Amino acid sequence: MRIDILTLFPQMFQGVFDTGIFQRAVADKLVSVNLYNIRDYTHDKHRTVDDYPYGGGAGMVLKPEPIFEAVESIRPGPHPESGGPPVILMTPQGRLFSQKLAAEFARQERLILICGHYEGVDERIRQHLVTDEISIGDYVLSGGELAAMVVIDAVVRLLPGVLGSEASALDDSHVSGLLEYPQYTRPEVYRGWLVPQVLLSGNHAQIARWRREQAIIRTRERRPDLLAKANLSPGVNPLPESPLEPTTSAEEIEESNNH
Ligand code: ADE
């Protein structure tokens, strides 16, 4: 996948791209990222990217010319409507980003992300250049850069070969519509707090059942809105076929952890 980012602050991305999973994905040529400074597409001596809003009001608005020119120069191919890559504007006015959208974007060969700033962007950019507007939540950031990093991170980890084991992305919270079950690692007893017995049993069917139970309990407690929407039909989030063996309940774990 190729990701092109248009921003006024390319330096903000360096830490993300030079670290961890992302750095490895770039080294392994699973993804390439190109940063474009919107200011490089201006023609005046002051490299002006913004101007006062027509009609008055506070703040500045990003001008259309540098953003159109930047996108058109990096996208020599067709307009998205005729099969070109999606051009995504990061903005609090956009569609709410989700795991489902991350999976959709991960299927694209190429993404172009525009990071908005100041009071907004000239409306003609929305009308005639971008194909999608994405928000990462109902709050206002000072620019689209952090939002673009969130989107890129969620997308890149879904690309085949990026995570060590494909299964680890499938188990993630939100992938199944449920939050992920509790995880434990060694030691078996820490400060007197025990790892649930079932996880040490080696009985894979029982472990799967326990995890499923815990995922449902956790989702019910923390995000009842998700549980209401989750697809619990067999095969998607399979319910155990036989009655549940008595296993450690969330309450019991909580109990043990409180001692
Ligand atoms: N730019 C500013 N706030 C944003 C948000 N919540 N999501 C995406 N881009 C933004």
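Is A106 buried or exposed, and what is its relative accessible area? In this predicted model, A106 is buried, with a relative accessible area of 15%; the cut-off for a buried residue is under 20%. A106 is part of helix α4, which covers residues 99-106. In sequence, 53 residues separate A106 from L159, yet the C-alpha atoms of the two residues are 6.1 Å apart in space.

Two further helices were examined. Helix α6 comprises the 12 residues 145-156. At 1.5 Å a residue, α6 should span 16 Å, and the C-alpha atoms at its ends are 16 Å apart, which agrees with that expectation. Of the 12 residues of α6, 9 are buried, so the helix is largely enclosed by the rest of the structure. The buried residues of α6 are E145, A147, A148, M149, V151, I152, A154, V155 and V156. In an α-helix there are 3.6 residues a turn, so residues three or four places apart point the same way.

Helix α8 spans residues 204-222 and contains T219. T219 has a relative accessibility of 0% and therefore counts as buried. From this position, the side chain of T219 reaches the backbone oxygen of A215 at a distance of 2.6 Å.

The surroundings of the ligand were considered next. The ligand has 13 residues around it, of which T91, I136, G137, Y139 and L141 come nearest. Three of these residues place backbone atoms beside ligand nitrogen atoms. A backbone N or O atom of I136 lies 3.0 Å from a nitrogen atom of the ligand, and for G137 the corresponding distance from a backbone N or O atom to a ligand nitrogen is 3.1 Å. L141 likewise has a backbone N or O atom 3.0 Å from a nitrogen atom of the ligand. Taken alone, the ligand exposes 260 Å², and the protein buries 97% of that area. The elements that contribute two or more residues to the shell around the ligand are β5 (87-96) and β8 (132-135). Strand β5 supplies the largest share of this shell, with 3 residues. By class, the shell consists of 8 nonpolar and 5 polar residues, and charged residues are absent from it.

The two strands that contribute to the ligand shell are also paired with each other: β5 and β8 run parallel and are joined by 5 bridges. Within this pair, I88 stands opposite D132 in β8. Strand β5 also pairs with β6 (residues 110-115), again in the parallel sense, over 4 bridges. In that pairing, V87 stands opposite I112 of β6. Strands of a sheet pair through backbone hydrogen bonds, either parallel or antiparallel.

A separate description applies to β3, β4 and β7. These 3 strands form an open sheet in the order β3-β4-β7, and their pairing is mixed. Strands β3 (50-51) and β7 (120-121) stand at the edges, each with a single partner strand, so one side of each is left without a neighbour in the sheet. Strand β3 is joined to β4 (residues 61-62) by 2 bridges, and these two strands run antiparallel. In this arrangement D50 stands opposite L62 in β4.

Several loop positions have notable backbone geometry. Most residues other than glycine have a negative phi, and most peptide bonds are trans. The peptide bond from R186 to P187 is cis, with omega near 10°. P187 is located in the loop between α7 (166-170) and β9 (189-190).

Positive phi values occur at Y118 and at R191. Y118 has a phi near 55°, a positive value in a residue other than glycine, and is placed in the loop between β6 and β7. With a relative accessible area of 39%, Y118 is partly exposed. R191, which is not a glycine, has a positive phi of about 50°. This residue lies in the loop between β9 and β10 (193-194). R191 is exposed, with a relative accessible area of 63%; the cut-off for an exposed residue is over 50%.

How values were computed: Residues numbered from 1 in each chain as written. Predicted model: local features only at pLDDT ≥ 70, side-chain atom pairs only at ≥ 80, totals over all residues. Heavy atoms only, no water. Expected span 1.5 Å × (residues − 1). Buried < 20%, exposed > 50% of the residue type's maximum accessible area, 1.4 Å probe, protein only. Near = heavy atom within 4 Å. Polar contact = N/O pair within 3.5 Å; in protein donor to acceptor, adjacent residues only side chain to side chain. Areas by Shrake-Rupley, 256 points an atom, 1.4 Å probe, with all protein chains shown as cover. Nonpolar A, V, L, I, M, F, W, Y, C, P; charged D, E, K, R; others polar. Pairing = 2+ DSSP bridges.
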